[in-house]
Amino acid sequence: NVESTLSITVVGASGDLAKKKIFPALFALYYEDWLPEHFQIFGYARSKMTDEELRNLISRTLTCRIDRSENCGDKMERFLQRCFYHSGLYDSEENFGELDQKLKEKEIGRQPNRLFYLSIPPNIFVDVVRCASRRASSENGWTRVIVEKPFGRDAQSSGELTRCLKQYLTEDQIFRIDHYLGKELVENLSVLRFSNLVFEPLWCRNYIRNVQLIFSEDFGTEGRGGYFDNYGIIRDIMQNHLLQILALFAMETPVTLDGEDIRNEKVKVLRSMKPVKLENVVVGQYKGHSKGGKSYPAYSDDPTVPKGSVTPTFAAAALFIDNARWDGVPFLMKAGKALHTRRAEIRVQFRHVPGNLYSRNFGTDLDKATNELVLRVQPDEAIYLKINNKVPGLGMRLDRSDLNLLYKSRYRIEIPDAYERLLLDAIEGERRLFIRSDELDAAWALFTPVLRELEEKKISPELYPYGSRGPVGAHYLAANHNVRWGDLS
Ligand code: BG6
């Protein structure tokens with residue numbers, strides 16, 4: 001058994017994602033001894049920098065989240081000593097060849113395994129992959145490449161990107177990240193469902209009235225307007241993060257927990273859905289607002305956003321799955337920036353109890369008596385189930401209360417960042433949480449027609465004040481499907 005060395009190259013090392021997420025996640029893995037004994041990390045970018053300068057740059061965002069003692073500082077220093085920098089152009093085979101030489105110096109006598117993290121804009125993915133695969137891929141070990149969305153802007157450009165990448169890499173080498181799949185509560189979704197008898201039999205149209213996938217942020221596109229305006233909230237959040245959660249939620253039972261089996265089921269459920277219709281979509285854009293003496297800018301105030309942009313910063317949509325399990329059940333999505341709160345959650349609203357003996361205790365609003373299961377992905381991870389309960393005492397008064405599993409009270413464990421889990425999985429070759437190309441195609445097939453229609457018809461988004469609960473159109477959309485948003489009731 002030859003020992004191996006792991007070389008991780010973060011391409012785009014001076015960018016925001018690398019500094020805020022990737023290096024800190026690698027440090028956390030190192031801190032907890034998840035990285036192999038022999039490893040090296042290279043930052044690769046255009047700017048000229050020494051190893052020392054890279055270390056300074058990344059040390060500012062490394063945090064001792066697990067342990068704040070002195071020991072952490074020592075470990076951080078040791079980690080930084082394993083980080084190096086190589087400056088090069090993204091389309092230069094020669095520069096990647098030089099990187100290859102530097103990697104080799106540290107790999108002598110061991111099996112070289114190489115992981116490239118492309119933390120760069122998508123228009124240069126293919127150049128980097130071409131140069132890296134020709135000049136810096138491993139000869140005797142494995143080479144894997146992590147790419148991060150946006151994977152194109154629609155079905156066609158995404159298909160094109162996949163074809164180009166596959167000229168140089170096999171599907172097995174491509175790890176498409178959707179960081180929501182690395183979040184604790186999203187991973188827990190299948191545990192909750194498949195290992196609890198109280199949930200699994202209820203997971204279908206007979207018992208579930210609707211499912212809501214909600215994402216909101218309490219800040220705008222500050223500083224990212226240029227990127228965002230080209231994509232909009234549907235491409236930024238719905239087509240990937242929320243749709244991935246939906247697929248995991250709604251898939252049939254996989255044959256095993258193997259990555260291929262799970263992804264097979266996710267593809268099947270995505271392919272059982274019809275493309276989203278325009279009448280089932282509401283779009284919004286935030287406008288400026290003053291509150292408590294402070295004024296908040298409109299999306300259109302961002303200098304990097306083109307004048308008169310109709311790019312949505314909010315969207316709500318209703319989706320349907322045409323299969324025996326989910327026929328007729330609305331899956332509602334809502335995603336927005338500059339809303340009143342930061343939150344991501346999955347809400348499952350159950351049907352009414354047939355012939356409920358206690359219905360009169362709920363007045364005319366029977367919806368208030370239905371059970372609701374909520375998985376709060378963030379912040380403050382929790383799972384709670386709304387049940388009806390008798391208020392103690394004489395008489396018969398009912399109360400809807402929560403069976404509440406609040407993670408921070410139950411587990412004295414720091415919840416890892418999504419990037420830690422995903423990087424570790426990529427290192428271990430575990431593909432379960434990465435998006436396969438057929439999944440990506442199926443996801444784009446659902447949203448491409450409506451995106452095109454919105455853009456061709458230049459549909460004006462409904463304006464909503466910064467810090468509000470979003471456009472009222474979202475309520476009408478839900479009401480059209482007999483749904484009330486659980487986060488607002
Ligand atoms: C990214 C989006 O994928 O997810 C951002 O591009 C968004 O617009 C971010 O802010 C949210 O991620 P998280 O993990 O902070 O909820």
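Here are three short exercises, with solutions, on a predicted model of a protein with a bound ligand.

**Exercise 1: overall build**

Work out how the radius of gyration of the protein sits against the value for a compact globule.

*Solution.*
- Start with the chain length: with 489 residues, a compact globule would come out near 23 Å.
- Now take the model's own value, which is 24 Å, so the two agree.
- For a feel of the dimensions, line the C-alpha atoms up along the principal axes and they fill a box of roughly 80 × 50 × 50 Å.
- Next, burial: 55% of the 489 residues count as buried.
- What's left outside gives an accessible surface of about 22,200 Å², with 50% of it belonging to carbon and sulfur atoms.
- As for what goes into the fold, there are 13 helices and 17 strands. Take the contacts between residues at least 6 apart in sequence, and 78% of them join residues at least 24 apart.

**Exercise 2: the ligand's surroundings**

Find out which residues surround the ligand, then sort them by class.

*Solution.*
- List the shell: Lys 149, His 179, Tyr 180, Lys 183, Glu 217, Arg 224, Asp 236, His 241, Lys 337, Arg 342 and Gln 378.
- Sort it, and you get seven charged residues, three polar ones and one nonpolar.
- Then look for polar atoms facing ligand oxygens. In the side chain of Asp 236, an N or O atom sits 2.6 Å from a ligand oxygen. The side chain of Arg 224 has such an atom 2.8 Å from an oxygen of the ligand, and for His 179 the distance from a polar side-chain atom to a ligand oxygen is 2.8 Å.
- Finish with the area: the ligand taken alone exposes 400 Å², and the protein buries 82% of that.

**Exercise 3: helix α11**

Decide whether helix α11 (residues 418–428) is largely enclosed or exposed, and describe its two ends.

*Solution.*
- Count the buried residues, using under 20% relative accessible area as the cut-off. That gives 10 of the 11, so α11 is largely enclosed by the rest of the structure.
- Check who's on the list: charged side chains turn up too, among them Glu 420, Arg 421 and Asp 425.
- Ask what does the covering. The buried residues of α11 pack against the strands β1 (4–11), β4 (111–118), β5 (143–148) and β6 (174–177), plus the helices α1 (16–31) and α7 (184–194).
- Go to the N-terminal end, where Asp 417 acts as the cap: one of its side-chain oxygens lies 3.1 Å from the backbone nitrogen of Tyr 419.
- At the other end, α11 is followed by Gly 429, which has a positive phi, near 75°.

Key
Residues numbered from 1 in each chain as written. Predicted model: local features only at pLDDT ≥ 70, side-chain atom pairs only at ≥ 80, totals over all residues. Heavy atoms only, no water. Near = heavy atom within 4 Å. Polar contact = N/O pair within 3.5 Å; in protein donor to acceptor, adjacent residues only side chain to side chain. Areas by Shrake-Rupley, 256 points an atom, 1.4 Å probe, with all protein chains shown as cover. Helix = DSSP H or I, 4+ residues; strand = E, 2+ residues; numbered from the N terminus. Rg over C-alpha atoms; globule rule 2.2 N^0.38 Å. Buried < 20%, exposed > 50% of the residue type's maximum accessible area, 1.4 Å probe, protein only. Contact = heavy atoms within 4.5 Å.
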